[in-house]
Amino acid sequence: MADNTYVCPRQKFMEDPSIEWREGKPDYTKANKAYLEGRTRIHKEGSLEKIVEDLVKSWEMEASHKTNTEDWQTVDTEAFTIRANNQRSFSLKEGIEEGNYNVLMQNQPLYNSNAHTFESSHDLFRSAFDQGFPWELIEVFSGPPRVAFSWRHWAHWTGPYKGRAPTGKLLEMYGMAMAEVDENLKIKSIDVHYDPNQLLMKLEGKEC
């Protein structure tokens, strides 16, 4: 008998009709399909792993699509900061303006975050990964209030990247993160550690 417990990932906090969306309410049908087809972990319902994965997926949805801080439900809007690889920290408002790609790829040799806006950075990778760019939690190493976990991002390269034709190959990227949360599991800070060149070198044709 099929197990329907894990039919699709959960991006919560999307139903309020007053939400100010960047480009309209997002549709995760394609991204969820890619997630279900490519994931390597199935976390038990109610487990810390499942709770953290759903929280991060909901946070990513808000970071990509909500422009008004008052609409955010995953974070402590006053305290929240995010940084990657010990680079500069961004507040919630700064992150909304810059976008996750610019925030998480500061000072990278193959990506110039200063040359991109929120829109141009998202267009660049949405073009390359037009069938979705799913994310999954691998393992949780410590529970609240400081949640340490490993993760995987992946996609098939199916669209053009900077004029380069796609190869159709599966591209993967792995990393770690530490999220500090409050008693209501609202995120106060995220500290990410990973090497974006795992993907960028292949997109640039610098690695087979």
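Which side chains meet in a salt bridge at 3.1 Å, N to O? Some notes on that and the pockets follow; bear in mind that this is a predicted model.

1. The pair is aspartate 191 and arginine 83. Aspartate 191 sits in strand S6 and arginine 83 in strand S1 (residues 81-84), so this contact ties together parts that are 108 residues apart in sequence. Aspartate 191 counts as buried, at 18% relative accessibility, while arginine 83 is partly exposed with a relative accessible area of 27%. The cut-off for buried is under 20%, so the 18% of aspartate 191 falls on the buried side.

2. In total the structure holds 12 salt bridges. Another of them joins arginine 126 to glutamate 23, and here the closest N and O atoms are 3.4 Å apart. This one also links distant parts of the chain: arginine 126 belongs to helix H5, glutamate 23 to the segment before H1, and 103 residues separate them. Glutamate 23 is exposed, with a relative accessible area of 58%, and arginine 126 is partly exposed at 33%.

3. Then there is glutamate 172 with arginine 152, whose side chains meet at 2.8 Å, N to O. Strand S5 supplies glutamate 172 and strand S4 supplies arginine 152, 20 residues apart. Arginine 152 is buried, with a relative accessible area of just 3%, whereas glutamate 172 comes out as partly exposed at 28%. Don't look at this pair in isolation: salt bridges with shared partners join Glu136, Arg152 and Glu172 into one network.

4. On to the pockets. The largest pocket holds about 1,200 Å³ of space. It has 45 lining residues, and those nearest its centre are Glu60, Ser64, Tyr101, Phe133 and His153. Elements giving two or more residues to this lining include helix H1 (29-38), helix H4 (100-104), strand S4 (146-156), strand S5 (170-181) and strand S6 (187-194). Helix H2 provides the largest share, 6 residues.

5. If you care about the chemistry of that lining, it splits into 28 nonpolar, 9 polar and 8 charged residues.

6. The second largest pocket has a volume of about 200 Å³. Among its lining residues are Arg10, Lys12, Phe13, Asp54, Gln73, Asn184 and Lys186. By class, the lining of this second pocket divides into 4 nonpolar, 4 polar and 4 charged residues.

Notes: Residues numbered from 1 in each chain as written. Predicted model: local features only at pLDDT ≥ 70, side-chain atom pairs only at ≥ 80, totals over all residues. Heavy atoms only, no water. 1 Å grid on protein atoms, 1.4 Å probe; cavity = no way out; pocket = protein on both sides within 12 Å on 5 of 7 lines; lining within 4 Å. Points joined across faces, edges and corners; volume = space filled by probe spheres on them. Helix = DSSP H or I, 4+ residues; strand = E, 2+ residues; numbered from the N terminus. Nonpolar A, V, L, I, M, F, W, Y, C, P; charged D, E, K, R; others polar. Salt bridge = Lys/Arg side-chain N within 4 Å of Asp/Glu carboxyl O. Buried < 20%, exposed > 50% of the residue type's maximum accessible area, 1.4 Å probe, protein only.
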